Amino acid sequence: MSQMPRQAALPKCPSCAEPVEPGDLFCGACGYDLSVVPAPPQDHPTLPMTGTAAPGEPVGPAPAPAADPPGPGAGGAAPHGQESGDERSAGSGVRFDRPAEPDEYPLQAPDPRLAVPAAAPARLCVACRTGRVDDDGYCENCGHAQPRERDHLERETGPVAAVSDRGLRHHRNEDAFAVGHTTLPDGTPAAVAIVCDGVSSATRPDAASLAASRAAGDTLLAALPRGTHPQTAMHEAIVAASHAVNALAGEPATAREHAPHQNAPACTIVGAVVTSGLLVVGWVGDSRVYWVPTDRTAPPARLTEDDSWAAQMVAAGLMSEAEAYADERAHAITGWLGADAYELEPHTACFRPDRPGAVVVCTDGLWNYAETAEEMSEVVPPDAATRPLHGARVLVGHALDGGGHDNVTVAVLPFPAPPQGAGSA
């Protein structure tokens, strides 16, 4: 059975609360002037799009919004031919009297803590210039091994400089160096250079040379300002380097599993300390120190003796130096730093040159191409004492031009040590 529509509740007089009819200008019970009744607040209720009332809400048009006071006799009605906002919204369910919305809404600035860093650009192969370099350092296109950080290193600090290069035949640089300068307790300057050569037949020779050079350099730069005699400080530095290399034998524990036939990490070491009037050298192995005076009419000198098979043959008088170093066993070392080394016997020596010159500290990657002191003097630039970095570069270039069969590392120190801040021009 169909039902009659329910009549909506009539408005009430604000004075006596009696119902009034729509369009009444005065209350029929108390005569209250209904034209002065204020409009209800604009709370913009949500209206259904269908125009039907929600449960519990009155059916019919919503109360008229606030408008200008009507003219006499208008009764609040809109002018003829113009629809009020309520009348237009009652049928469609859409309000036309809402404030206009902006075309754009402001966006909150992003939190910089949540920003994703940009990905690093892909490295291109230095050989083919098109292939991408993988995480192992090889080109994915041509397979060429890319230069590593240690393939070529240069450093100049104060009056001392060093250069290290991988060479032309080795797949990595197993040399390392440490250079620095400081002052003695009396304020006189001191320059320090340490050069280490990894033993290729051992496990991780590159790690051994790096650990040894850092330990020795740090020890010297800490001991000299305390007043330790340079020769004593050099001895302590070599011992500290030995401990650093020995510690690598068990770190990581799986290193020997990959090469069980190899010895523990090992390297040679050579170093020099130059002050205002003293030159101290120390070494274990076959890396060397040369003295080259600025006045080339004075004789140069080699200041170290190799811990090698060839040196033993010469010392025993069994072979001449030329014969010994021409033998294929010449470079077999008899002293080195490492857990598998014989009893450590650091060599140290002091010299007091009577004239200025340059001290060359190097691995056999250089002296193989300038073995005698005279040959070394011929390739050391005349201005090496005033431009040590340039001098080291020239010496490395000499070894590379000669074939570069081994890693090459050279440090150059002027004697006597100039005031702090002096360096290559």
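Two residues are said to be in contact when heavy atoms of theirs lie within 4.5 Å. In the predicted model described here, residues 24 or more positions apart account for 63% of the contacts with a separation of 6 or more. The protein has 425 residues, of which 38% count as buried. Its secondary structure consists of nine helices and 12 strands. About 23,900 Å² of the protein is exposed, and carbon and sulfur atoms supply 54% of this area.

The nonpolar interior is considered next. The largest nonpolar core has 30 residues, and those with the most contacts inside this core are Val360, Cys362, Leu366, Met376, Leu395 and Val410. Helix H9, which spans residues 388-401, gives the most to this core, with five residues. Apart from this core lies another one, made up of 26 residues, including Ala178, Leu220, Ile269 and Leu337. The surroundings of Val410 can be described in detail. When residues up to four places away in sequence are not counted, Val410 touches Ala161, Ala162 and Val163, as well as Val360, Val361, Cys362 and Leu366. Val410 also touches Ala392, Leu395 and Val396.

Leu184 offers a further example of contacts between residues separated in sequence. This residue is found in the loop between strand S3 (175-183) and strand S4. Leu184 counts as buried because its relative accessibility is 16%, and the cut-off for a buried residue is under 20%. With neighbours within four places in sequence left aside, Leu184 is in contact with Ala190, Leu224 and Thr275. Leu184 and Leu221 are 37 residues apart in sequence, and the distance between their C-alpha atoms is 9.9 Å.

Two features of the backbone deserve separate mention. Most residues other than glycine have a negative phi, and most peptide bonds are trans. Arg204 has a positive phi, near 50°, although this residue is not glycine. Arg204 is found in the loop between strand S4 (189-198) and helix H2 (205-223). With a relative accessibility of 25%, Arg204 counts as partly exposed, because partly exposed residues fall between the limits of 20% and 50%. The second feature concerns a peptide bond. Phe415 and Pro416 are joined by a cis peptide bond, with an omega of about -5°. Pro416 is placed in the segment after strand S12, which covers residues 408-415.

How values were computed:
Residues are numbered from 1 along each chain as its sequence is written. This is a predicted model: local features need pLDDT of at least 70, side-chain atom pairs count only at pLDDT 80 or more; totals for chains, interfaces and linings use all residues. Side-chain values use heavy atoms; hydrogens and water are left out. Helices (H or I, at least four residues) and strands (E, at least two) are DSSP runs, numbered from the N terminus. Buried means under 20% relative accessible area, exposed over 50%, partly exposed in between (1.4 Å probe, protein chains only). A nonpolar core is a set of buried Ala, Val, Leu, Ile, Met, Phe, Trp, Tyr and Cys residues joined through side-chain atoms within 4.5 Å. Accessible areas come from the Shrake-Rupley method with a 1.4 Å probe; for residues, only the protein chains shown count as cover.
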